[in-house]
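Please find below my note on the structure you sent, written as numbered points. Each point can be checked at the bench computer with the residues selected by chain.

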Protein chains: 2
Amino acid sequence: MKKYVYSFGGGSADGDGKMKDVLGGKGAGLAEMSRAHLPVPPGFTISTEVCNLYFQSGNKVPPEVDQQTSEALGELEQQMGQKLGDAQNPLLVSVRSGAKFSMPGMMDTILNLGLNDQAVQSIERRSGNPRFAQDCYRRFIQMFGNVVLEIEKHDFDQIFDARKKKTGAKFDTDLTAEDLKAIIVDYKKLVEKKTGKPFPQEARQQLAMARDAVFRSWNGKRAITYRRMNQIPDNLGTAVNVQTMVFGNLGDTSATGVGFTRNPSTGEKAFYGEFLVNAQGEDVVAGIRTPQPISELEKAMPQVYGQLREITGNLEKHYRDVQDFEFTVQEGKLYMLQTRNGKRTGPAAVRIAVDMVKEKLITKQEGVLRVDPQQLDQLLHPVLDAEAKKSLKLLATGLPASPGAAVGRVVFTADEAVVQAPKGPVILVRAETVPDDIHGMEVAKGILTSRGGMTSHAAVVARGMGIPCVAGAGELEVNERRKELVVNVNSKKLMLREGDWISLDGSTGEVFAGQARTIDADPSSGVLATFMGWADEFRGKFGVRANADIPRDAKAARRFGAEGIGLCRTEHMFFAEDRIPFMQAMILARDEKTRRKTLAKLLPMQRADFAGLFKEMDGFPVVIRTLDPPLHEFLPKRENLMVDLARLPHADSKTKKEMSQRYGLPVGQLRKELPVLLARVEELHEFNPMLGHRGCRLGVTYPEITEMQARAIFEAAVQVTKKGVKVIPEVMIPLVGGVKELENQKKIVVEVAAEVLEKANMKDLKYMVGTMIEIPRAALTADQVATQADFFSFGTNDLTQTTMGLSRDDYTKFQKDYEKAKIFDNDPFAVLDQEGVGKLIEMAVELGRQARRDLEVGICGEHGGEPSSVQFCYRAGMNYVSCSPYRVPIARLAAAQAVISGDKSEAMRTA
Amino acid sequence: MKKYVYSFGGGSADGDGKMKDVLGGKGAGLAEMSRAHLPVPPGFTISTEVCNLYFQSGNKVPPEVDQQTSEALGELEQQMGQKLGDAQNPLLVSVRSGAKFSMPGMMDTILNLGLNDQAVQSIERRSGNPRFAQDCYRRFIQMFGNVVLEIEKHDFDQIFDARKKKTGAKFDTDLTAEDLKAIIVDYKKLVEKKTGKPFPQEARQQLAMARDAVFRSWNGKRAITYRRMNQIPDNLGTAVNVQTMVFGNLGDTSATGVGFTRNPSTGEKAFYGEFLVNAQGEDVVAGIRTPQPISELEKAMPQVYGQLREITGNLEKHYRDVQDFEFTVQEGKLYMLQTRNGKRTGPAAVRIAVDMVKEKLITKQEGVLRVDPQQLDQLLHPVLDAEAKKSLKLLATGLPASPGAAVGRVVFTADEAVVQAPKGPVILVRAETVPDDIHGMEVAKGILTSRGGMTSHAAVVARGMGIPCVAGAGELEVNERRKELVVNVNSKKLMLREGDWISLDGSTGEVFAGQARTIDADPSSGVLATFMGWADEFRGKFGVRANADIPRDAKAARRFGAEGIGLCRTEHMFFAEDRIPFMQAMILARDEKTRRKTLAKLLPMQRADFAGLFKEMDGFPVVIRTLDPPLHEFLPKRENLMVDLARLPHADSKTKKEMSQRYGLPVGQLRKELPVLLARVEELHEFNPMLGHRGCRLGVTYPEITEMQARAIFEAAVQVTKKGVKVIPEVMIPLVGGVKELENQKKIVVEVAAEVLEKANMKDLKYMVGTMIEIPRAALTADQVATQADFFSFGTNDLTQTTMGLSRDDYTKFQKDYEKAKIFDNDPFAVLDQEGVGKLIEMAVELGRQARRDLEVGICGEHGGEPSSVQFCYRAGMNYVSCSPYRVPIARLAAAQAVISGDKSEAMRTA
């Protein structure tokens with residue numbers, strides 16, 4: 001018979017630490033710890049496979065599972081000398097989820113299972129602590145009622161709070177055993193009212209129900225959202241861990257806590273964690289009571305502390321990674337409840353990787369592979385400007401729960417965050433966050449809570465998402481219902497409302513009123529520089545360039561380590577307010593002669609732009625794309641013109657003045673000139689501009705535009721070369737569908753280059769002419785195209801649009817429907833569609849290199865900064881990737897990981 | 001040394017009839033006729049290769065050519081006992097172009113070359129006919145002046161007409177030798193004035209200049225246009241034929257004529273042609289004098305006639321095809337000037353092919369290959385309704401120069417035709433057409449001339465283009481300058497002006513005032529039926545279906561031989577005026593429930609449509625595509641709504657009423673409802689509708705639409721099956737980009753089908769679910785897609801748009817620039833781009849059949865009716881093509897020719 005249930009504890013286990021697929025991360029950790037003779041409360045794990053079987057068989061488990069569970073339970077009862085649900089000596093267990101990949105707080109847990117009206121009396125007798133026993137029972141009914149029976153938590157809270165109010169209790173601990181008994185009576189009534197049945201007294205039935213609830217929580221909304229965000233497959237399933245309860249709430253010699261072997265926020269090598277005396281685990285994680293730092297445990301329970309440090313230290317060496325552990329002290333005895341590789345922030349990941357390499361715990365290669373490239377984002381984004389901080393009002397200082405600066409408008413609910421986020425940055429402010437808030441946390445720029453510690457829900461989730469977070473800022477009074485945040489600053493009451501600006505520093509825990517200035521990160525110093533240095537060592541010749549249109553961006557790109565510009569969009573230079581009138585005049589020109597005259601005015605501007613870029617990129621290549629967008633993008637919108645023209649006869653003088661400014665026409669000429677303007681706009685109007693008269697097609701119609709741009713490029717090159725700058729221009733023709741278009745445009749560029757360079761006596765200046773591959777036909781005929789191209793650069797934004805027949809601007813309208821129907825694994829505009837678009841890219845590289853062995857190949861679409869896409873580009877044989885300046889380090893790391901992982905395409909090997 | 005010059009004549013020739021590449025068609029024919037001892041005036045041919053050399057060396061011929069020419073000329077002079085330019089016994093020659101493929105009238109010809117001031121006197125002496133001699137010289141100066149020296153024909157005409165006026169001459173022949181001498185003096189003055197040099201007297205210089213002019217005419221505007229239209233490569237070049245002049249204008253025992261061995265208009269096996277006594281060839285071809293039918297020659301010159309019939313009869317047998325010949329009779333002696341395979345109309349091509357097969361002159365296969373599929377178009381288009389003719393005023397009856405009916409508005413110039421044609425059908429009316437009119441003839445629906453015969457320029461070109469033409473309708477007075485057409489009908493003067501309606505019957509020569517009704521051709525009877533039967537024999541299993549949306553089209557499709565419907569666009573059923581309100585209500589529905597309610601109203605309409613199609617296609621498959629266009633196409637246009645909304649506050653009651661009708665809203669509700677309508681239209685507005693929310697994407701968002709359509713299909717199938725009709729439904733999901741979309745939509749279709757068929761107890765009704773391949777990604781992942789598809793149908797309209805990144809609607813804006821720059825060989829929306837789009841198709845067929853050997857594959861884009869594309873589809877391994885009903889016979893023939901030509905792809909062989 002297939003094994004579905006795995007026992008552990010007492011120095012041995014059926015499974016081991018490698019069996020995460022079967023036992024989940026938690027179950028595998030428990031098995032491994034048991035084998036290592038660590039003090040683990042014994043129990044058993046129901047495998048992840050059962051979860052899938054459960055859903056496949058219509059929410060039922062196969063009979064074999066029940067049988068094996070019963071056997072494992074029997075063994076456990078024998079080992080503990082207790083019996084589940086026994087009136088005399090009842091065994092209590094916890095029932096917890098545990099998937100292959102940790103999903104903190106996303107699935108359900110039930111503690112104290114096995115309690116019933118008899119058992120509670122036995123516990124009372126045996127512990128000699130009636131309050132403890134009643135509190136356990138009270139907690140169990142509440143948890144079971146909420147998780148398994150699906151009764152609102154709020155309903156239980158009402159009963160509890162009513163009792164507190166009635167008795168005048170300030171804290172939960174002020175309630176007596178009698179109070180708790182009364183609460184239990186009311187709880188049971190609530191259960192009977194809501195479910196139509198009494199609270200289940202049969203302990204094995206409780207167990208089966210709890211197990212099923214854990215399985216169901218795998219497909220809960222929260223869990224699904226989390227998996228989608230973290231790209232965890234839906235078919236892994238969760239295991240269920242049934243483990244003997246140990247109690248951290250048996251008085252002052254008991255405690256419970258969580259910790260990390262290193263600081264998960266900064267990466268500092270310091271024993272790190274929190275604990276609460278006389279509490280159960282959920283009290284720590286849920287952030288209801290603010291716990292003590294773990295260093296206090298040394299004073300409170302020195303022996304336990306020593307044992308804990310030794311055990312966790314060994315665990316880190318064993319797993320060769322930071323450990324995130326849970327422990328409970330029951331009447332002075334330490335129990336390890338869980339260990340796993342700890343989640344960490346980007347900065348922590350880099351520091352830990354560098355430290356562990358230096359400690360020789362891992363190799364340099366492993367170090368480079370340990371950091372998720374996406375996580376670097378957190379190190380590259382701005383921090384609050386120290387100077388600017390001084391001018392802002394400091395509201396409070398909470399815990400530095402997730403690093404980085406966040407500036408935005410206050411929102412008090414997750415739903416509001418979702419509504420407001422598209423309009424501008426929001427900061428989600430909550431007393432404490434709960435798993436149901438996850439959709440709001442996902443869109444917020446930062447998270448602020450007034451309660452909870454460094455391991456509270458808000459802190460853990462924010463770190464996971466790389467969102468700055470200040471947690472447990474207790475000075476703040478957060479009233480979510482009235483949407484107010486109140487704080488006393490220098491004895492003056494200050495109130496922030498929804499929509500007010502607030503600034504957080506997640507690295508210091510500071511909270512400021514107002515909109516703080518931020519400053520850029522510096523990736524060229526400190527631990528990050530060391531780490532990136534290693535990455536670059538492995539990356540070798542696989543290059544990373546940046547997309548940059550103006551010298552300022554080019555400067556940033558160099559700072560982030562870009563080895564050239566992979567895409568300069570020349571049209572961006574014309575959208576500037578002082579230039580667009582010249583561009584418009586050019587477009588409105590009715591003949592070539594007038595067009596050439598206006599182009600002559602644009603030439604010096606463009607030349608200056610290019611000169612600036614070349615200077616910043618001294619010694620590195622600069623890919624300059626000729627004019628790409630359709631001309632109507634530079635003119636007023638057609639429909640606005642139509643409406644204004646309809647309004648004009650009845651317009652008052654104010655409206656006319658507005659129109660006059662809008663179109664740069666004197667009021668008196670509106671009547672005559674608006675129709676002329678509209679006529680030209682109509683002429684240029686397109687049904688599908690994406691597939692219209694743009695890119696090289698403009699150059700074919702108006703060769704004089706290409707000519708002007710080529711002239712600006714080469715005149716700029718001559719100019720800065722004379723100043724001692726090394727210039728490597730690569731002229732890129734966009735939207736080419738076949739070799740003839742490239743040939744047509746290349747001829748213009750080469751002729752202009754020859755003329756300009758000859759005149760300057762610089763005929764040996766090396767330059768390239770190549771093309772963007774962004775139309776399927778160009779990829780399909782890449783062997784022909786390559787005969788005329790010095791380089792290919794994949795424009796994967798447009799290539800994705802054309803290959804998938806999917807307009808990026810319109811896709812958002814049905815994106816949700818497609819996500820719901822699970823048609824795309826990822827947003828194809830964020831993560832390269834390797835199956836479809838990728839296949840075309842592979843074909844094009846292969847065909848291109850067949851025709852021209854030394855063809856330079858890169859990518860300049862936004863996918864060039866997305867790690868999985870970067871790795872694809874490497875495998876496909878590209879020479880470099882290019883992305884936005886801030887993503888350059890991410891691309892560098894992804895590229896290094898791609899090289900370490902190895903497999904390069906045939907085309908690359910031969911190149 | 002390479003041979004560039006080939007002599008012929010006197011019973012032998014350097015070349016032969018197979019050397020069309022080298023000698024051109026005319027030169028090869030002359031060589032072949034010489035070898036057959038036919039009476040060909042001797043001469044030599046300068047090869048086509050020299051034409052290319054001429055352009056490559058900057059309009060110069062290599063010295064070897066001059067040398068070989070000189071040698072050939074020397075031999076010719078010896079043979080004739082005459083010398084070029086000799087004062088005593090001058091040799092006169094003609095210099096004519098002659099490319100591999102005949103391009104009638106497109107290139108230049110010069111006659112009587114060798115004449116100068118001395119030679120003319122010698123001719124005068126030797127012929128004893130001063131008028132003849134002077135007329136030759138006059139013609140030569142005029143022709144040379146126009147063609148070689150590029151002086152406007154008009155300038156010569158002015159001198160000639162002035163003399164006629166001065167002397168009171170009515171006809172050209174009224175001018176005396178003295179008159180002609182005076183004209184020659186003026187002509188020579190004109191030449192000197194225009195060129196700054198006297199008219200060249202050196203005969204060898206004349207020859208070299210004439211040769212070069214012929215070469216240059218290869219790259220003249222007319223020739224380029226003709227090649228583009230007829231898809232003749234630009235690099236073939238023309239040969240130059242230099243041939244001893246013979247004179248048809250030496251009095252009444254001389255004549256010149258042209259003819260066909262069979263009627264090129266009807267195909268009738270009858271000796272056919274025209275001649276003029278005492279004339280040179282150009283008089284016949286240019287249509288200046290209306291010639292006599294060739295039967296008259298029998299009376300005028302019985303011996304010559306007999307000899308001509310015998311020679312041409314033998315030529316037809318020799319070449320196994322209809323011969324188009326030119327001859328001259330010089331003082332009773334017959335000379336053959338040219339023979340070539342004759343151009344013919346579509347009806348003639350079919351009839352000749354069938355007759356020749358029956359005469360066992362050619363095989364059935366050859367017969368099928370002899371007809372250009374495009375030519376069938378002429379047999380399939382409507383003819384004038386005989387009944388309708390009776391109610392129209394017959395203006396005139398001219399020559400039935402090119403068959404078919406044409407109805408349109410009168411235009412008098414080629415330029416006007418080009419301007420007006422996009423707005424509606426035009427008929428080009430000219431006194432006579434000239435090669436410079438070709439751009440206007442190309443766009444006209446029909447051509448009408450008042451002068452010229454069956455072989456006039458208008459007639460020849462119209463037949464070549466397959467455009468109906470009535471030529472030489474002498475009753476008509478065409479005044480092109482005043483843009484009037486005047487005719488006496490029953491002694492009443494009738495005038496038509498530009499823009500008036502006119503109707504032609506090119507098969508009878510009738511011309512009617514007004515807009516005649518037309519009736520459809522019947523392809524299922526007569527010679528065409530025989531011919532198509534043979535085509536179908538060879539075509540075998542390679543199927544032809546039709547694109548048809550409504551039963552009427554389906555009926556026509558069957559009549560034209562379609563074996564099923566390859567594409568039914570279901571949305572066309574909703575654009576009908578009585579249905580669109582239901583469609584709009586469905587789109588405006590804000591929730592699924594309301595949407596389902598409105599869909600329920602559309603269901604019976606759609607069901608009835610499908611039932612009608614199934615009935616017409618009894619026993620044949622019907623491919624039904626689910627809803628494809630974006631929903632906004634069914635709503636009013638956004639910009640119109642915006643403008644109307646801006647106008648509404650100031651609108652008068654008439655305007656409001658118009659708006660009320662436009663939007664189907666009561667006047668009183670416009671203010672409230674227009675903004676609501678606009679809001680929904682805004683919501684649905686797309687930047688690139690082609691790449692937007694359409695096709696299966698609609699079905700993913702609104703599964704209830706797919707569900708309703710599937711229900712309509714299967715309920716209709718059940719309904720007509722019960723009536724004994726054999727139904728083969730193939731449900732096609734559009735715009736699929738990958739297997740998951742197909743899976744999603746297929747599930748809906750299969751579930752509805754199961755439900756409907758089960759209820760009707762018809763579970764064994766066979767149907768297919770497949771997909772349109774119209775997005776590159778679907779083609780690239782066709783192996784996956786095929787796992788869910790019973791069939792593929794290539795939607796090459798959209799596949800061309802996406803693969804080339806080219807919007808069909810916007811392409812027209814720069815199409816001319818692309819043609820000028822020679823970027824596309826053909827319009828990719830008319831002729832399949834085999835290199836790019838075709839490559840994707842081949843990949844998709846191969847991948848699809850890998851996954852599913854029995855995958856049915858077809859094409860339903862408009863390329864499915866274009867012969868070269870049909871042949872590609874066969875080679876790519878498709879099972880069928882589908883096209884518009886009228887193109888079905890064209891596709892059937894193209895398919896047959898593809899099968900006969902043979903090469904099938906691997907994928908097809910394994911299928």
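The points below take up aromatic pairs, charges over rings, helix packing and a few buried residues.

1. The structure discussed here is a predicted model, and every value quoted in this note should be read with that in mind.

2. On aromatic pairs, a search of the whole structure, taken over all chains, returns 36 of them. One of these is formed by B:Phe140 and B:Phe199, whose rings meet edge-to-face, with 5.7 Å from centre to centre and 85° between the planes. This pair links distant parts of the chain, since B:Phe140 belongs to helix H5 (residues 130–147) of chain B while B:Phe199 lies in the loop between helix H7 (177–195) and helix H8 (203–218) of chain B, the two being 59 residues apart. Both B:Phe140 and B:Phe199 are buried.

3. Helix H5 of chain B also packs against helix H8 of chain B, and the axes of the two come within 10 Å and cross at roughly 50°. An angle from 35 to 65 degrees counts as oblique, and H5(B) and H8(B) are therefore oblique to each other. The crossing in which H5(B) passes H8(B) is left-handed. On the H5(B) side the contact is made by B:Phe140, B:Phe144 and B:Val147, and on the H8(B) side by B:Gln206, B:Met209, B:Ala210 and B:Ala213. B:Phe140 thus has a part both in this helix contact and in the aromatic pair with B:Phe199.

4. A second helix pair in chain B consists of helix H28 (residues 703–721) and helix H29 (residues 739–759), whose axes come within 9 Å and cross at roughly 40°. The crossing of H28(B) and H29(B) is right-handed. Among the residues that make the contact are B:Ala710, B:Arg711 and B:Phe714 of H28(B), together with B:Ile748, B:Val752 and B:Val756 of H29(B).

5. Turning to chain A, ring pairs join A:Tyr811, A:Phe814, A:Tyr818, A:Phe824 and A:Phe829 into a cluster.

6. Charges placed over rings can be found in both chains. In chain A, the charged end of A:Lys333 sits over the ring of A:Tyr335, at 4.6 Å from its centre. In chain B, the charged end of B:Arg227 sits over the ring of B:Trp218, at 3.8 Å from its centre.

7. In helix H9 (residues 221–230) of chain A, the buried residues include A:Ala223, A:Thr225, A:Tyr226 and A:Arg227. Helix H8 (203–218) and helix H18 (438–443) of chain A are included in what covers the buried residues of H9(A). Just after H9(A), A:Gln231 takes a positive phi of about 50°.

8. In chain B, helix H9 (residues 221–230) holds B:Tyr226, which counts as buried because its relative accessible area is 8%, under the 20% cut-off. Leaving aside residues up to four places away in sequence, B:Tyr226 touches B:Ser102, B:Met103, B:Pro104, B:Met106, B:Ile232, B:Lys343 and B:Ile438. Of these, B:Pro104 is 122 residues from B:Tyr226 along the chain, yet their C-alpha atoms are separated by 9.4 Å.

9. Is A:Ser122, in helix H4 (residues 117–127) of chain A, buried or exposed? A:Ser122 counts as buried, because its relative accessibility is 0%. Residues up to four places away in sequence not being counted, A:Ser122 touches A:Ala87, A:Gln88, A:Asn89 and A:Pro90.

Technical notes
Residues are numbered from 1 along each chain as its sequence is written. Chains are lettered from A and ligands numbered from 1 in the order in which they are written. This is a predicted model: local features need pLDDT of at least 70, side-chain atom pairs count only at pLDDT 80 or more; totals for chains, interfaces and linings use all residues. Side-chain values use heavy atoms; hydrogens and water are left out. Rings of Phe, Tyr and Trp (its six-membered ring) pair if their centres lie within 6.5 Å; planes under 30 degrees apart count as stacked, over 60 as edge-to-face and the rest as tilted. Helices (H or I, at least four residues) and strands (E, at least two) are DSSP runs, numbered from the N terminus. Buried means under 20% relative accessible area, exposed over 50%, partly exposed in between (1.4 Å probe, protein chains only). A charge sits over a ring if NZ of Lys or CZ of Arg is within 6 Å of the ring centre and within 35 degrees of the ring normal. Axes are lines fitted to C-alpha atoms, for helices over the stretch in contact, and angles run from 0 to 180 degrees between N-to-C directions. Angles under 35 degrees count as roughly parallel, over 145 as roughly antiparallel, 65 to 115 as roughly perpendicular and the rest as oblique. A crossing is left-handed if the near helix is turned anticlockwise from the far one by less than a right angle, and right-handed if clockwise. Contact means heavy atoms within 4.5 Å.
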